[in-house]
Structure formats: structure tokens, C-alpha cells
Amino acid sequence: MKRLVVLAMIALLGLTGCASKNLPPKITDVNYYPQCYQTIGDLRDADKKATQSAVIGAVGGAVVGGVVGYLATGRAEGALIGAGAGALAGGTLGYAAQRQKDISDTRTRYVSYVKDISNDIKQMDQLALAAKAASGCYDQQFVLLAAQYKNKQISKEEYTLRYQEIRNGLTEAASLLGQVYTGAKEKEQQYQAALEDEAKKAGTAVPAATKPTTPEPVAVAAAPATKQAAASKPKGNTTSSKKTNTTSKAKTSPAPTSEPTATENTIEADTAKPTQNVILADNSKTPDRNFIEGLDEGSLEAVSAGVVAHRNAAEDAQAQKVAIESRMLQMDAIHSSMVSSS
């Protein structure tokens, strides 16, 4: 029997990764900004626990399959085949075919598709929110870090270490969003195929895509109008900022400071606005089942609307990834300028 368990485990070696969300590799050494990495760290902990639970369940299924194989053939090879079959049960049929086999009632089956799509969107939102929270935190910390280094409050060595941690944290956040998008596109193909198969089975055309009632994705843009208006005030006499005075003086004569003016201007101009960009924009919607408002949940139209909502959630994650990567390029430019001029 011990050998049987070993054989069952061998059959599972290629399957244990299936339960994981396949989070991107951890590249961030968390020393200075644990509060920024917390949401990603929490995801990793939850994913690890979920994977362990799934493996335990799969081992049980594989052992049962192995026992059946052994009893049927009386040979270890039969046990191995049985173990593999037990672990893979249900995974060899297509999504729609499996649903049609399990749920004979058409309306109930449509509802099951809608629930699956809704759960997928929830998971995408959770991952995207975690990435957004992390990236927003790192973004703010970079502003503070640049100011500290410019004012010579920290050494070049510490600045470099802190910047690398921020950079790695943002890289992980972007990678997480990239995997959300990739996984979602694969699921979208599955749902689209199910929709087309069900439409064909019902003898009708695929319903026209119903636009979900979720907000449009936030575009990568400059600072909000209020910020821009404040920056473009002609001549403020009561609340003139130090930044405005410094900039205006720099245009007429060199500023009497030990820091290079160009570097100071670059830091002030580029680090003053990161919290206004799309990384921290409030697009943390949780559409859940909103995409079926006004529709019969047990209809093909609801399934079609779900496919569209699923696609939009994936596109939002991809747009957020692009925004983070764009911001990292800005940070790299500021970083290079600061280091080279110090």
C-alpha cells in the first residue's frame, strides 16, 4: 500500500501547480516598505494555503483512483493509471460539454455560466485591487524618497537600496496584472466557446454583446484639472508656493543653491504628480453581477453580457499594468538624473 501512495504522488507531480493562481515570482526584498508590499504578500499567503489544500484533496482522489486501478488489474501499473485518472477526473471534457453533461436544464445551466463569470470577475478585481494598492503606495513613497535624497536627508547608498525595493515592488504589481490579463483572456475564450455552443444547441444566433453597466477604464492622463489650474495661476499673492518661486527665478537667473537647478526642477515637476495618475485612480469597481441588470439571468443574453463584462475587467487590468510600467519609466529617468548629478 505504501508503494501505491508513492505511485499516486508520482501521478500528481505534474498537477500540483494547477491549483495555484500562478503568481509572478517574488523579486522584492521587503526591508523599507512592508506596508506597500502587504497586499501582494497577502495574496501570496492565500495562494499558498489554497494550493496546499487543493494538493491534499488531489492526493486523496489519486489514492482512491490508485486503489481502484490496483483492484481492477492487480498490478502496480494499473494503480498508477488509476491514480492519474482519479486526479484528472473531470478535466478532460470541454467546459460547455461538461456543463451540459452535469446540468440538463437549459435555464439552470445558463445561470451557472453567469455565476462562473461573476466569480471570475470578483477574483480579477481582488487581484487588480491588490496590485493597485501596492503600486499607489510605492508611487507615494518614491515622491518622499526623491525629496529626502534631494534635501540630503539620506545617503546615496540608502537611497539606491530604497529605490530598488520600490522598483521591484512595482515590477511585481505590473507582473501580477499581466497574469490577470493573460488568464482572463484564456477564460474568455472558454466562455465565448460555451456561448457559441449553447446558441448552436438552441438553434439561435449568438446574442449581440450587451454592454455591461461598469465604468469605462480610466485613461492614462496628466494631473486633474484642479491641479493643473492651480499650477497655471498667473500670479498668486497669498499662497504662492516655493516651487513656483524657484521655477520662475530659475528662468531669469541661476538659483544660488548647491543643487543643480535642472535636477531640482526635474524632481519637483515629475515627482509632484504621481498620485494624480491612473495608478491611484478610483477604478476599483466591483461589478459582480451588475452586468445582468435588466436581463433574465437564465438567458443567453445574460451569458453574452457576462462575456463582455469579463473582457472589460481584463482590459482594465491591462490598462493599469501599462500605466504602472509608464510610471516606472518616469521614475527611472528621475532616478538616473538624480544619481548622475549627485
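This is a friendly exchange about how some labels on this predicted model are earned.

Modeller: A word on the ground rules: this is a predicted model, where local features need pLDDT of at least 70, side-chain atom pairs count only at pLDDT 80 or more, and totals for chains, interfaces and linings use all residues. Residues are numbered from 1 along each chain as its sequence is written, and side-chain values use heavy atoms, leaving out hydrogens and water.

Biologist: Happy with that! What makes Y32 and Y33 an aromatic pair, and why is it called tilted?

Modeller: Rings of Phe, Tyr and Trp (its six-membered ring) pair if their centres lie within 6.5 Å; planes under 30 degrees apart count as stacked, over 60 as edge-to-face and the rest as tilted. Y32 and Y33 lie 6.3 Å centre to centre with 50° between the planes, so they pair and the pair is tilted.

Biologist: And why is the pair of Y159 and Y163 called stacked?

Modeller: Their centres are also within the limit, at 6.3 Å, and the angle between the planes is 20°, so the pair counts as stacked. Y159 and Y163 sit four residues apart in helix 6 (residues 156–202), which means about one helical turn separates them.

Biologist: How do you know whether Y33 and Y32 are buried or exposed?

Modeller: Buried means under 20% relative accessible area, exposed over 50%, and partly exposed in between (1.4 Å probe, protein chains only). Y33 has 3%, so Y33 is buried; Y32 has 28%, so Y32 is partly exposed.

Biologist: What about Y159 and Y163, buried or exposed?

Modeller: Y159 at 0% is buried, and Y163 at 4% is buried too.

Methods: Helices (H or I, at least four residues) and strands (E, at least two) are DSSP runs, numbered from the N terminus.
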